[in-house]
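Colleague: I have not looked at this structure before. Could you take me through it one feature at a time?

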Amino acid sequence: MKLSNLLLNTLKESPKEAKIISHQLMLRSSMIRQHTSGIYTWLPLGFKVLKNIENIIRRNQDEIGCNEMLMSTIQSSELWKKSARYTDYGKEMLRITDRHENELLYGPTNEEVITDLFSDYVNSYKALPKYLYHIQWKFRDEIRPRFGVMRGREFLMKDAYSFDLTEEGAFETYKIFFKSYLKTFLDLGLQPIPVKAATGAIGGDLSHEFQILASTGESEIAYDSKLIDSGLYKKSYEEITSMYSASDEMIDKSKFDVIVGRGIEVGHIFNFGTKYTKPLECYVLNKDGKRINPHMGSYGVGVSRLTAAIIEAFHDEKGIKWPINIAPFKINIISQSNSDLNEEIESIYNNLTSKYNNISLDDRDLSIGRKIKDSELIGIPWTLIIGNNYKEKGQVEVIRRSDGDKLFLSKQEIENFEFEQYTP
Ligand code: ATP
Ligand code: MG
């Protein structure tokens, strides 16, 4: 894409309202614009990043046989009255009355809707287990929306729901999602820490949160430095959870290299048995023809929160440093405007575009210095400068955003160069 076509308006200074680095950088690089408290417009650059994150999550859900679908944002209150959550959910739920005085709500989560839907389509043990998910906007009227999209009121969530015949089956399913979540966050370039969690409004007795480390996180977590391990998801659920089951005793004895840090909750999974299938009268027939309530779990990932969480993990004083598979553009080509090298530049741009699908050419009428600053702020993993060095020596300057390393390559070498798919 040519940046002259992009809606982009980078800011030198951080807007005052932004308290944490990810919020500052998202505003400065024009990824998002606040519409009203806790509600944001995703500008072209932010939208590209959101879609890239969504696709990594989607690929991982599809891998475990989860069905993607799309449920509505607006729900009827009827099912919520049956599960007794219509009152329990309290003021976080946005309630809406339509012209016929029907009580509707903007969905904060989907357990009721999916249970009702499931009982209409599945009635035999033969169809179990079944995993369903969607990636859809949620609304929770948070008392204190803050830190930009980190805690918004309207936010994008991937929420999955599982149905099993038995409690044991549901636990096996829980383990599958648990491991898939570790892999998803590692694929996003993050180091996830599973934490045994409280179940809150969703309910149930088995639950884990997935935290990633960041000094601005809202949760305090203590962990053993040895546990930071990128091969984690290859171990069994039992091995992983026993590794992470810290006790006060462990911390006291200081036998372990315990670090107390802060975390951002990027995912949360629950196993809650028949909590919804009972009140919503959802049944399947088992082998003996007996009607039983299937056992459920739900599995959430904060997709929009992740854009900010990834920036918290990857940035420096110049701006964002995107992992390459999440970056809005992989390579940004910079040149002088009105350059007499236009034909050469176009040819390098076209060549790279055919090889990698996601290249930008900064053809805006700005100085090279300003364009480099923008490229650093936006966090594009590779910047190519076609300037005086090219004119004099035929060399393109290649800068890697992660560490600022520079290379000088000829046009031919650029065409053959394997731009490394890296995570900073
Ligand atoms: P929190 O404890 O942060 O309020 P939660 O436990 O209420 O979150 P869940 O119901 O577990 O949230 O939702 C699943 C995921 O959705 C969370 O792990 C988080 O990543 C994301 N999420 C929840 N609330 C918000 C919000 N207000 N803004 C952005 N993302 C959110
Ligand atoms: Mg949670």
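**Reading the pocket, the ligand and the backbone**

Modeller: Start with the lining of the largest pocket, whose residues divide into 13 nonpolar, 10 polar and 8 charged. Keep in mind that this is a predicted model.

Colleague: How many residues line the largest pocket, and which lie nearest its centre?

Modeller: The lining has 31 residues, and those nearest the centre are R140, F155, M157, E265 and H268. The space in this pocket is about 640 Å³. Four elements, β8, β12, β15 (295–302) and α9 (303–313), each supply at least two residues of the lining.

Colleague: Where does ligand 1 sit?

Modeller: Ligand 1 sits in that largest pocket. To read a binding site, list the residues around the ligand, then look at individual atom pairs. Here 14 residues surround ligand 1, and R140, E142, R151, G152 and E265 are the closest. By class, this shell has 5 nonpolar, 4 polar and 5 charged residues.

Colleague: Which strands each supply at least two residues of the shell around ligand 1?

Modeller: They are β8 (154–164) and β12 (258–273). The largest share, 4 residues, comes from β12. E265, one of the closest residues, also lies among those nearest the centre of the pocket.

Colleague: How do I read the polar contacts of the ligand?

Modeller: Look for a pair of N or O atoms within 3.5 Å. In the case of E142, a polar side-chain atom lies 2.8 Å from a nitrogen atom of ligand 1. For E265, an N or O atom in the side chain is 2.5 Å from an oxygen atom of the ligand. At G302 the backbone takes part: one of its N or O atoms lies 3.4 Å from an oxygen atom of ligand 1.

Colleague: How much of the surface of ligand 1 does the protein bury?

Modeller: The protein buries 85% of the 580 Å² that ligand 1 exposes when taken alone.

Colleague: A cavity is read separately from a pocket, I assume. How many cavities of 30 Å³ or more does the structure hold?

Modeller: A probe fits in a cavity but cannot get out, whereas a pocket is open. The structure holds 1 cavity of 30 Å³ or more. About 40 Å³ of space lies in the largest cavity. Its lining is made up of Y40, W42, W137, V149, G152, E154, F155 and S304, which divide into 5 nonpolar, 2 polar and 1 charged. Both β2 (39–42) and β8 supply at least two of these lining residues.

Colleague: What should I look for in the backbone?

Modeller: Look for exceptions, because most peptide bonds are trans and most residues other than glycine have a negative phi. The peptide bond from L128 to P129 is cis, with omega near -5 degrees. P129 is in the loop between α5 (111–121) and β7 (130–139).

Colleague: Which residue has a positive phi although it is not a glycine?

Modeller: That is E101, with a phi of about 65 degrees. E101 lies in the loop between β5 (94–97) and β6 (103–106).

Technical notes. Residues numbered from 1 in each chain as written. Chains lettered and ligands numbered in written order. Predicted model: local features only at pLDDT ≥ 70, side-chain atom pairs only at ≥ 80, totals over all residues. Heavy atoms only, no water. Near = heavy atom within 4 Å. Polar contact = N/O pair within 3.5 Å; in protein donor to acceptor, adjacent residues only side chain to side chain. Areas by Shrake-Rupley, 256 points an atom, 1.4 Å probe, with all protein chains shown as cover. 1 Å grid on protein atoms, 1.4 Å probe; cavity = no way out; pocket = protein on both sides within 12 Å on 5 of 7 lines; lining within 4 Å. Sits in = over half its atoms within 2 Å of the grid points. Nonpolar A, V, L, I, M, F, W, Y, C, P; charged D, E, K, R; others polar. Points joined across faces, edges and corners; volume = space filled by probe spheres on them.
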